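Me: Please take a close look at the salt bridges in this structure, and describe the setting of the residues that take part.

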Amino acid sequence: MFVPKSFVKSLKHQEESLGGEFSLLCWNVAKLTLESSYKEFIESLIQSHNFDLLLLQEVKKSLSLELDIHDYSYILSPNIETKKHVFGVMSAFKSSCEDEFTLLSKKRELRYATHKVSLITHHKITDDEVLLVVNLHAINFVHNSHFKNELDYLYDSISHHKGAMIVAGDFNTWNIKRVRFMEEFTQNLSLKKVEFSDEKHLKKIFTNSIDYIFYRDLNVTYSEVINSKKISDHNPIIAKFSTL
């Protein structure tokens, strides 16, 4: 395995803004993005909900083939690159991307000796307001103190932003110490958690949820956990927002 060298991206909505209402899908797709079952399922979700933002973790892309992601612009930020594939987080959207940068974790995971990655993008809501979006796949298989250090690293990278913000993804908060560190991180950024009325399909480890959507300076108008019928070991979570 090799450290990735660059973004994979296609930007084609640079004149568009998100506007006053928009919807978001967040999903750890467990490297199944080349499988027909995944493609059929996410296509049905997009047709049903017409998402404005897709935040996917553990995306697998062939280096020899283009991504098939409907009419979305996209940025794939890899944490692993091999001779044939890249793997990482991907944000897809139907609005402008004013800026983007990636954070590879400073620590490598012990089990695979690979980094984890967060992708930060900026999207125009109006001519005067920009939404910061973090697509996060938090580090796993390390000591809790290293998990906290990585959240601190992310905080230092985004805390300067004023205004609307969304931080979403797989937080790997499978023990109570990690949950507490995540809560401290979100509180310091004045982020609220998207709540789900029915959590039975929400991914949990040792009774702790690991997939979240956090937000600030926005209203949540709808939220749902979707049963993906075991396509991935995670289920998609969705939220719809309106501006204040």
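Reply: K9 is partly exposed, at a relative accessible area of 42%, whereas its partner E100 is buried at 17% (buried is under 20% relative accessible area, exposed over 50%, and partly exposed in between, with a 1.4 Å probe and protein chains only). The model is predicted, so local features need pLDDT of at least 70 and side-chain atom pairs pLDDT 80 or more, while totals for chains, interfaces and linings use all residues. Numbering runs from 1 along each chain as its sequence is written, and side-chain values use heavy atoms, without hydrogens and water.

K9 and E100 form a salt bridge with their closest N and O atoms 2.6 Å apart (a side-chain nitrogen of Lys or Arg within 4 Å of a carboxyl oxygen of Asp or Glu). This contact joins distant parts of the chain, since K9 belongs to strand β1 (residues 8-10) and E100, 91 residues away, to strand β6 (residues 99-104) (strands are DSSP runs of E, at least two residues, and helices of H or I, at least four, numbered from the N terminus).

The structure holds seven salt bridges. Another of them pairs D71 with K12, with 3.8 Å between the closest N and O atoms. Here too distant parts of the chain are linked: D71 sits in the loop between β3 and β4 (73-81), and K12, 59 residues apart from it, in the loop between β1 and β2 (21-28). D71 is partly exposed at 46%, and K12 is likewise partly exposed at 46%.

In helix α2 (residues 144-158), K148 and D152 lie four residues apart, about one turn of the helix. Their side chains meet in a salt bridge of 3.0 Å, N to O. K148 is partly exposed at 24%, and D152 is partly exposed at 33%.
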